[in-house]
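Let's take a walk through a protein structure together, one region at a time. Please keep the viewer open as you read.

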Amino acid sequence: MSPSTPADPSLVLDTARPHFTLWGTRGSTPTPGARFLRAGGNTSCMSVEGGGEHFIFDAGTGIRELGLELLAAPPRRVHLFITHTHWDHIQGFPFFAPAYLPGFEVVIYGAEGFGKDLKSVFSGQLDREYFPVQMEDMQSRLQFRQLTASPMSIGSAKVSWEFAQHPGATVGYKIEIGGKKIAWVPDNEFLQGYTGPPEEITRRHPLALPYAGMIDFLTDADIVVHEAQYTPAEYEKKIRWGHSSVANACVLMKLAGVRRWVVTHHDPMHDDTILETKLNLTRQILAQIGHPIHVSHGYDGRTEFF
Ligand SMILES: [Zn+2]
Ligand SMILES: [Zn+2]
């Protein structure tokens, strides 16, 4: 082969294929520092690209780096879906550079039922008391939309949502793109208050019945990105904080028949060593309840093509 022979094009990554990237996998608050290098310290944010559209789920601090990547390409429209407006899901937005630039269009979606409307919450964190630049200084075309229909068709993609168990009006999302479905449910306290054996919970168990909507929602997802924030021992002290124990999250994966689970929203107290132990515990519990699926931890910067 001469040096000028072109490389086999099939061996070059086709970046037009649908893919997702996790930009922030930390829950509650950012965690800089050497003990958190492997999973990363940015709060919740995931992007999904494909079919010519760009989707973002949550605007935690991870959205800052995503914004920098978007600047490398010509201005475009992006769809930003917010699960709820706790700090760790909106605090990166003031640092989302495309919002400041003309030519970009940012369509922001959130559920009904927040105390303040979505636009007020977003402009509130840009109040002069908190931040030097205001929403009026953002030169992109910003639009705020309340979630109504589910699913919504956007280009060739379909985005659907379902209420999660979490303080305030909180939803999880599922996007169908390129024939695959990926769910994003970073905050969800499944089986709130339950600390018993995970193998005792079936679909018909009275404790599982209120969660039928979320169970059904996840059933057809190819990949589920969902939390499992507390170890069972920690959960006993954190009931009603809005997050699942590892054991209860494992039960949800079983009842929904999930085959691939990416765990996100890592607790700020869990450094890389603790997370490694927790992942092994997750696999142990999944085996114990007879649902030994593919489970891995999300980390900041992880990209997967469908
Ligand atoms: Zn959160
Ligand atoms: Zn929250």
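What follows goes from the metal site to the sheet, then to the helices, and ends with two individual residues. Please keep in mind that this is a predicted model.

Let's begin at the metals. The zinc ion (ligand 1) is coordinated by Asp88 (OD), His89 (NE2), Asp187 (OD) and His265 (NE2), with distances of 2.1 to 2.2 Å. If you trace these donors along the chain, you will find the spacing D-H-x97-D-x77-H. What is the arrangement of the four donor atoms around the zinc ion (ligand 1)? The angles they subtend run from 90 to 169°, so the arrangement is irregular. A tetrahedral label would need every angle to lie between 85 and 135 degrees, and the upper value of 169° around the zinc ion (ligand 1) falls outside that range.

Two of these donors are worth picking out. Asp88 sits in helix H2 (residues 87-90), while Asp187 belongs to the loop between S10 and H4, so this pair ties together parts that are 99 residues apart in sequence. Asp88 and Asp187 are both buried.

Now shift your view to the second metal: 3.6 Å separate the zinc ion (ligand 1) from the zinc ion (ligand 2). For the zinc ion (ligand 2), the protein donors are His84 (NE2), His86 (ND1) and His166 (NE2), at 2.1 to 2.2 Å. Their spacing in sequence reads H-x1-H-x79-H. Are His84 and His86 buried or exposed? His84 counts as buried because its relative accessibility is 1%. His86, at 34%, counts as partly exposed.

From the metals, let's move to the sheet. Seven strands make up an open sheet with mixed pairing, in the order S7-S8-S9-S10-S11-S12-S13. At its edges are strand S7 (152-154) and strand S13 (294-297), each of which pairs on one side only. From one strand to the next, the twist averages 20°. To follow one pairing in detail, look at S7 and strand S8 (residues 157-163), which run antiparallel to each other over three bridges. One of the residues to find here is Ile154, whose bridge partner in S8 is Ala157.

Helices lie across this sheet. Helix H4 (residues 212-219) crosses S8, strand S9 (171-177), strand S10 (180-185) and strand S11 (223-227), and runs at about 155° to S8. Helix H7 (residues 272-288) lies across strand S12 (260-264) and S13, running at about 165° to S13.

H4 also has a helical partner. How do H4 and helix H6 (residues 246-256) pack? Their axes are 8 Å apart and meet at an angle of about 60°, and the crossing is right-handed. Ile215, Leu218 and Thr219 on the H4 side make the contact with Leu252, Leu255 and Ala256 on the H6 side.

H6 deserves a closer look in its own right. Ten of its eleven residues are buried, so it is mostly covered. Among the buried ones are Val246, Asn248, Cys250, Val251 and Met253. What do the buried residues of H6 pack against? Their partners are H4, S11, helix H5 (232-235), S12 and H7. Just past the end of H6, Gly257 adopts a positive phi of about 70°.

Two single residues round off the tour. Thr264 lies in strand S12, and it is buried, with a relative accessible area of 0%. Which residues does Thr264 touch, leaving aside neighbours within four places in sequence? Its contacts are Gly24, Thr25, Trp184, Pro186, Val225, His226, Glu227 and Ala228.

The other residue is Arg302, found in the loop between S13 and strand S14 (303-305). Arg302 has a relative accessible area of 8%, so it counts as buried. Arg302 and Thr21 are 281 residues apart in sequence, yet their C-alpha atoms are 5.5 Å apart in space. Beyond its neighbours within four places in sequence, Arg302 is in contact with Phe20, Thr21, Leu22, Arg260, Val262, Ser296 and His297.

How values were computed. Residues numbered from 1 in each chain as written. Chains lettered and ligands numbered in written order. Predicted model: local features only at pLDDT ≥ 70, side-chain atom pairs only at ≥ 80, totals over all residues. Heavy atoms only, no water. Donors = N, O, S within 2.8 Å, 3.2 Å for Na, K, Ca; no water. Buried < 20%, exposed > 50% of the residue type's maximum accessible area, 1.4 Å probe, protein only. Pairing = 2+ DSSP bridges. Helix = DSSP H or I, 4+ residues; strand = E, 2+ residues; numbered from the N terminus. Axes fitted to C-alpha atoms, helices over the stretch in contact; angles between N-to-C directions. Contact = heavy atoms within 4.5 Å. Tetrahedral: all angles 85-135°; square planar, octahedral: opposite > 155°, others 65-115°. Left-handed = near helix turned anticlockwise from the far one by under 90°.
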